[in-house]
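Trainee: Could you take me closely through one part of this model, the aromatic residues and the packing around them, and say what can be read from the coordinates there?

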Amino acid sequence: MTSRAMSADRRELAARVGVGVFLASWAMVFAALLFSHLLLDSQRVAQAPALPVGLAAASSAVLVLSTLVARAPGHRWPAFAAASSGLVFVGLQVVLWSELWARGLWPQDSQLASSLYALTGFHAVHVVIGIGGLLWTGTFRPRALRWWRMYWDFVLVAWLAIFAVGFLS
């Protein structure tokens, strides 16, 4: 094996380890937020307004579709289609927050409400970062797209956990 091939293998390994550590660290942050939400939910004494589960489910479907599209062969159109679906997801999150407000659930109402807004808002920030990464790599760095696809998979898994804990429990 040539030194050039070996250095390419090392770069690939370093990239895999780096992305793995990066995603694991964010998984721990999301896990802490999810567990704090579960703890607050277990201590709830008053009945909260009904949550818009249908909107959250529609957001989930859009993000699942987006992740599947991101995995399609090629680099340009799957990245742009996934990013576009990500924008739809963010739009649905804005509608979701508007619906929560209309139902009388504001972040300052309780620690539980605040944690739900923190979870969904923190996740939305990560979706926007992912949209930017997909667009950037789809346009300028197609070889790096696989790492952003992994990040996009992570965003999906994080949302499904938020949906299960925040809206279905």
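Mentor: What follows goes from confidence in the model to the aromatic pairs, then to the core and to one polar residue within the helices.

This is a predicted model, and the mean pLDDT of the chain is 91, with 96% of its residues reaching 70 or more. Among the elements, helix 1, residues 3-42, has the lowest mean pLDDT, 87, while helix 2, residues 53-70, has the highest, 96. Where pLDDT is low, predicted coordinates should not be read in detail.

A search of the whole structure gives 11 aromatic pairs. One of them joins W26 and F122 in a tilted arrangement, with 5.6 Å from centre to centre and 50° between the planes. Because W26 belongs to helix 1 and F122 to helix 4, this pair ties together parts that are 96 residues apart in sequence. W26 is partly exposed, with a relative accessible area of 25%, and F122 is likewise partly exposed, at 24%. F122 also pairs with F30, again tilted, at 5.1 Å centre to centre and 50° between the planes. Since F30 lies in helix 1 and F122 in helix 4, the pair ties together parts 92 residues apart in sequence. F30, however, counts as buried, at 3% relative accessibility. Ring pairs extend the picture into a cluster that links F22, W26, F30, F122, W148, Y151 and F154. Also in helix 1 is A27, which is partly exposed at 31% relative accessibility; its C-alpha is 19 Å from that of R146, a residue 119 places away in sequence.

Turning to the nonpolar packing, the largest core has 39 residues, and those with the most contacts inside it are L63, W152, W159 and F167. Helix 1, helix 2, helix 3 (76-102), helix 4 (111-139) and helix 5 (145-168) each supply at least two residues of this core, and helix 5 gives the most, with 13 residues. If neighbours within four places in sequence are set aside, L63 is in contact with F89, H123, W152, V155, L156 and W159.

F89 is one of the buried residues of helix 3, a set that also includes A82, G86, Q93 and W97. The cover over the buried residues of helix 3 includes helix 2, helix 4 and helix 5. Helix 3 itself has 27 residues and reaches 39 Å from its first C-alpha to its last, close to the 39 Å expected at 1.5 Å a residue. Just after helix 3, G104 takes a positive phi of about 90°.

The polar residue to look at here is T120, which is found in helix 4 and counts as buried at 1% relative accessibility. Its side chain makes a polar contact of 2.9 Å with the side chain of W97, and a polar atom of the T120 side chain lies 3.3 Å from the backbone oxygen of Y117. Not counting residues up to four places away in sequence, T120 touches Q93, W97, W159, I162 and F167. Two of these, Q93 and W97, are among the buried residues of helix 3, while W159 and F167 are among the residues with the most contacts inside the largest nonpolar core.

Key: Residues numbered from 1 in each chain as written. Predicted model: local features only at pLDDT ≥ 70, side-chain atom pairs only at ≥ 80, totals over all residues. Heavy atoms only, no water. pLDDT = per-residue confidence, 0-100. Helix = DSSP H or I, 4+ residues; strand = E, 2+ residues; numbered from the N terminus. Buried < 20%, exposed > 50% of the residue type's maximum accessible area, 1.4 Å probe, protein only. Core = buried A, V, L, I, M, F, W, Y, C linked by side-chain atoms within 4.5 Å. Contact = heavy atoms within 4.5 Å. Expected span 1.5 Å × (residues − 1). Phe/Tyr/Trp six-rings, centres within 6.5 Å; stacked < 30°, edge-to-face > 60°. Polar contact = N/O pair within 3.5 Å; in protein donor to acceptor, adjacent residues only side chain to side chain.
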